[in-house]
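Biologist: Could you take me slowly through a single part of this structure, and set that part among its neighbours as you go? I am new to reading models, so please lay out each step of the reasoning.

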Amino acid sequence: MLRPVSLVDQWLEILAGLPENWTDARLRLTVEGEEATRASAMLGPVNPAQRGNAVRFHVPRRGAGATPALIERLLARIDQERIRGTLELAGAAEAADETPTPVTGRPNLVASWDASIAALPPDWTDLYAEVELVSSDWLERAALLMAPLNPARYDSTPGFRFRVASSFGYGASAGMTRRCLERVDNEEIRGELRILRVLSDTQPVHTQGPVWYVEGRSV
């Protein structure tokens, strides 16, 4: 009997097959039964989106978010838990040319938002995100620029959390979110965007949408 191929080996094979100028890879992990939920939880640092037995997430080559090395470490933990599955490349983006893009430290909240949304399943309906600023000196100005998102402080970290709804329900629209982040970028307020939770295909009845409980309070 052949030994099952580990998820780490599958990832390394996918990584080796990516084009030299790849910038972003979208992955789909298929796991049978209830193990999909466990695998999704273990992939929490890369903001996965689960639907049924499929867990989707994306890997940027550089910049904010997951890194290829982090993906390998997370998949190794799943392998250690003896969770078996199939890892597939759902798509990859390539740079417009082969000239390396210099790292300039320019604001990238909109770019991070676009990459994160592109990696979500097409039927996503609700998400909970945060922006962590580089400096607390920007808190007041960023709060004003992001006011339409109803940004909320969450601890001593210099940043905000907010909800986004794709078409209806509680939260700002995706378009408004992008415009607010663009306003922050335009004033060269630097930070990191992270999507913390995502739900797909929710259908609220006589409510504004789902409620998440974070650290004992609803958001």
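Modeller: What follows is a close look at strand E6 and then at the elements around it. Please keep in mind from the start that this is a predicted model.

The chain has 219 residues, of which 41% count as buried, and it contains 6 helices and 10 strands. Strand E6 covers residues 159–165, and 7 of its 7 residues are buried, so the strand is largely enclosed by the rest of the structure. In a regular strand the side chains alternate between the two faces of the sheet. In E6, Gly159, Arg161, Arg163 and Ala165 point one way, while Phe160, Phe162 and Val164 point the other way, and all of them are buried.

Which strands flank E6? On one hand there is strand E5, residues 124–133, which runs antiparallel to E6 and is joined to it by 7 bridges. Within this pairing Ala129 stands opposite Phe162. On the other hand there is strand E7, residues 172–173, which runs parallel to E6 and is joined to it by 2 bridges; here Val164 stands opposite Ala172. These strands belong to an open sheet of 4 strands with mixed pairing, in the order E7-E6-E5-E8. E7 and strand E8 (191–200) stand at the edges and have a single partner strand each, so one side of each is left without a neighbour in the sheet. Helix H4, residues 109–119, packs on this sheet and touches E5, E6 and E8, with its direction at about 25 degrees to that of E8.

Val164 is also the bridge partner of Leu127, and Leu127 leads us to the interior. In soluble globular proteins, nonpolar side chains tend to be buried together. The largest nonpolar core here has 26 residues, and Leu127, Val131, Phe162 and Leu193 are the members that touch the most others. The elements that give two or more residues to this core are H4, E5, helix H5 (139–145), E6, helix H6 (174–186) and E8, and the largest share, 5 residues, comes from E5. Apart from this core lies another, of 21 residues, which includes Ile14, Ala36, Phe57 and Leu75.

Two of the contributing helices deserve a closer look, and we can begin with H6. At 1.5 Å a residue, the 13 residues of H6 should span 18 Å, and its end C-alpha atoms are 18 Å apart, which agrees. In this helix Thr177, Cys180, Leu181, Val184 and Asp185 are buried. Seen down the axis of H6, its buried residues fall within an arc of 145 degrees, so they line one face of the helix. They pack against H4, E5, H5, E6, E7 and E8, so to understand E6 we should keep H6 in view as one of the elements beside the strand.

After H6 comes Glu188, in the loop between H6 and E8. Glu188 has a positive phi of about 60 degrees although it is not a glycine. At 54% relative accessibility, above the 50% cut-off, Glu188 counts as exposed. Asn150, which lies in the loop between H5 and E6, likewise has a positive phi, near 55 degrees, in a residue other than glycine, and at 53% relative accessibility Asn150 counts as exposed.

The other helix is H4, in which Leu109, Val110, Ser112, Trp113, Ser116 and Ala119 are buried. What covers these buried residues includes strand E1 (22–31), strand E3 (54–60), E5, E6, H6 and E8. H4 therefore brings us to a second sheet. This second open sheet has 4 strands in the order E2-E3-E1-E4, with antiparallel pairing. Its edge strands are E2 (49–51) and E4 (85–94), each of which pairs on one side only, and the twist averages 20 degrees from one strand to the next. E1 and E3 run antiparallel and are joined by 7 bridges, with Arg28 opposite Arg56 in E3. H4 lies across E1 and E3, running at about 155 degrees to E3, whereas helix H1, residues 7–17, lies across E1, E3 and E4, at about 25 degrees to E4.

Definitions and conventions: Residues numbered from 1 in each chain as written. Predicted model: local features only at pLDDT ≥ 70, side-chain atom pairs only at ≥ 80, totals over all residues. Heavy atoms only, no water. Buried < 20%, exposed > 50% of the residue type's maximum accessible area, 1.4 Å probe, protein only. Pairing = 2+ DSSP bridges. Contact = heavy atoms within 4.5 Å. Axes fitted to C-alpha atoms, helices over the stretch in contact; angles between N-to-C directions. Core = buried A, V, L, I, M, F, W, Y, C linked by side-chain atoms within 4.5 Å. Expected span 1.5 Å × (residues − 1). Arc of directions from axis to C-beta.
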